[in-house]
Amino acid sequence: MKTLLKIFAAAAALAMLPAAAPAQSAASAPAAATKSAPPSDAISARSQAAPAQPEAISGPNAGAAAAATTPAATGPAATNLPHASPTPGIGQPDGRIGFQDQFTPIGREALWFHNWILMPIITLVTLFVLLLMLYVIVRFRRSANPVPSRTSHNTMIEIVWTLVPVLILLAIAVPSIKLLSHQYSPPKADLTVKVTGNQWYWTYSYPDNGGFELVSNILSEADDKKRGEPRLLGVDERMVVPAGAEVKVIVTASDVIHSWGVPAFWVKMDAVPGRLNETSFKVDRPGLYYGQCVELCGARHGFMPIAVEVVTPAQFAAWVKSKGGTMPGQAKPVNGDATATSPITNPQPAPAAGSQATEPTSAGTAKPPVTSQSQATSSRGI
Ligand SMILES: [Cu+2]
C-alpha cells in the first residue's frame, strides 16, 4: 500500500507539473525581464547581435497599426497578414489554473484524459487514503485502543489491495496508450515546417514551399503594447500555418537543447543539436497561439517566445508568396475551397484606408508586409 501511495503521489505531482509550468514562467518572467533589461553585459550584447531586431513600428501608419491590433479590431476572420491580433483567453496564459483550452484533436483527447480519467482517479484515491488514515489515527489511538490487535494476515484484504490498484492502473493504461499511439502515428502531413532553436530565438523553414526561412525574435515590450500582444510573447516573425492542415514539425537546435512548446496545441518537443525530433499538430480554428521555449537553455531562455498564426489556406498561400516561397504544385488543398480561391495570382485585396490591421509596409502596397529581417534572410538565399 505504501508503494502504491508513492506511485500515486508521483503521478499526481507529474500531472500537476505542466499546469504549474506556465503559471510559474509567467510569474517569473517579469522579474527576469527587469533584470535583463539593460543589454550591457556580454551575454545580452551577444544575443542582441545574433539576429537583427525587427524594424520598429513607425511612420505615418504606426497609429493605425497600433489601433488596429486591439483585440476588438481583428479576429480569426482577419484577412491581413501577418500580425492578426490575439484573442484573450485563447492560446495564451490568462490567469486560470490548469491547462489552456485545446485546439488540436490530440490536445482535446489529452485534456479529456487528464480531466475525466486522471484527475477523478487521483482525487478519489487521495481522499480514500486520507479518510483511511484519519480513521486509523482516531479509532486506534492509544487511549481508545490500549491493547493493539496482533493480526498479521488477512487474505481477503491482501487480495483486494493487490487487485484494486491493478484494476485502477489498467483503467488508466487503456486511454493512456491509446493517446500515445495517436500522438505517435499522426496522419500524413500536409505541410512540413522545420523549427530550429537558437540562443535565443527560433528559425522556421518551410521545405515544402521553396525552403525559405524566417528568423523569429521576441518583440520589445513597447512593440508588444503597440501590437496588442501579450507581454513577452510577441515575436516579429510568426510561424504561419494553414487551418485544417496536418503540420509536421521537425525540431532541432543549433547550439544547446531548447524545447518548442505550444500549450494550446498540446505540443512540446525537445530541440536537440544534431538530432531531428518530430511532432505534428492540426488546428482548425484560425487564430494566434503562443508558446515559449520550455527547456532551460541559457540567460535569455525566458525571452524566446513562439507565436503560431493559423490562417485560411488562401491566406497561407499569399503569405508564402510574400516570403518568396512557392506553393507546391502537387500540394493537396487543406480545405475544399483552398485552390478555388487561391490568391497566388491575386494575393490580397487592398485593405480599406483606416481599417488596416497590418504592420505598415514601406511601399504601401497590398502585399503582406515583409520585415527587413526576412528580406535579409531571403537575400542570403537560405
Ligand atoms: Cu531555448
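1. Let's start with one residue pair in this predicted model: G261 sits across from Q292 of strand 9. The strands involved are strand 6, residues 258–262, and strand 9, residues 287–293; they run antiparallel and are joined by two bridges.

2. On to the partnership between strand 6 and strand 7. Here five bridges do the joining, and again the strands run antiparallel. If you want a pair to look at, try H258, which stands opposite A271 in strand 7. Strands 6 and 7 form a hairpin with four residues between the strands, and in that hairpin W266 takes a positive phi near 60°.

3. Which residues of strand 7 lie on its covered face, and which on the uncovered one? V267, M269 and A271 are on the covered face, while K268 and D270 make up the uncovered one. As background, side chains in a regular strand alternate between the two faces of the sheet.

4. Now zoom out to the whole sheet. It is open, has five strands in the order 4-10-9-6-7, and its pairing is mixed. Strand 4 (239–242) and strand 7 (267–271) are the edge strands, each pairing on one side only. On average, neighbouring strands of this sheet are turned by 25° against each other, ignoring direction.

5. What lies across strand 4 and strand 10? That would be helix 7, residues 313–322, running at about 135° to strand 4. Strand 10 itself covers 306–311.

6. Away from the sheet, have a look at helix 4 (residues 105–139) and helix 5 (residues 155–184). They pack with their axes 10 Å apart, at an angle of about 170°. Angles over 145 degrees count as roughly antiparallel, so helix 4 is roughly antiparallel to helix 5.

7. Who meets whom between those two helices? From helix 4 come I106, E109, A110, F113, I117, L118 and I121; they meet I168, I172, P175, S176, L179, H182 and Q183 in helix 5. By type, the residues of this contact split into 10 nonpolar, three polar and one charged.

8. Finally, some overall numbers. The protein has eight helices and 10 strands. Of its 382 residues, 34% count as buried. If you take contacts between residues at least 6 apart in sequence, 70% of them join residues at least 24 apart.

Key. Residues numbered from 1 in each chain as written. Predicted model: local features only at pLDDT ≥ 70, side-chain atom pairs only at ≥ 80, totals over all residues. Pairing = 2+ DSSP bridges. Axes fitted to C-alpha atoms, helices over the stretch in contact; angles between N-to-C directions. Contact = placed C-beta atoms within 7 Å. Buried ≥ 20, exposed ≤ 12 C-beta atoms within 10 Å, placed from the backbone. Parallel < 35°, antiparallel > 145°, perpendicular 65-115°, else oblique. Nonpolar A, V, L, I, M, F, W, Y, C, P; charged D, E, K, R; others polar.
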